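Trainee: I would like a close look at a single part of this model, with the terms spelled out as we go.

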Amino acid sequence: MTRSRRGWRAESPFDPGRFTQTFLLALEARGLAGIPQTMLGFYADVVREVLGVPDELKLLFGISFGAADPAGPSSRYRMGRVPIEESVVLHDTPGVFDRRRTAG
């Protein structure tokens, strides 16, 4: 990963997301849970001060992790999702959504 003085350079905007996904999957594989907290990026100066993070590192978000509480209220919350047909545009792939419905 290339880095500039303040963090990731423009040619690698997806690296933080890839790292996050891999880290969260690794936690899950070990029986742990995690949640990215983008709000921490808005308080980068406070986080830097409390954790002693040097100024040359850019803070985008934090990830809280540990043992999940299956009985806790946040474990029971489920977000709805829009159908894939409303959020994805397929080009030159007629019938893809039809095959998906019959495959399941």
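Trainee: Is D45 buried or exposed, and what surrounds that answer in the helix that holds D45?

Mentor: This is a predicted model, in which local features need pLDDT of at least 70 and side-chain atom pairs count only at pLDDT 80 or more, while totals for chains, interfaces and linings use all residues. Residues are numbered from 1 along each chain as its sequence is written, and side-chain values use heavy atoms, with hydrogens and water left out.

D45 lies in helix α2, helices being DSSP runs of H or I with at least four residues and strands runs of E with at least two, numbered from the N terminus. D45 is exposed, with a relative accessible area of 62%, where exposed means over 50%, buried under 20% and partly exposed in between, for a 1.4 Å probe and protein chains only. The buried residues of α2 are A44, V47 and R48; seen down the helix axis, they fall within an arc of 100°, so they line one face of α2, the arc being that of the directions from the helix axis to the C-beta atoms. On the face turned away from that buried side, α2 carries the exposed residues D45, E49 and V50. Beyond α2 comes G52, whose phi is positive, near 70°.

For the setting, the protein chain has five helices and four strands, arranged along the sequence as β-β-α-β-α-β-α-α-α, and buried residues make up 12% of its 104 residues.
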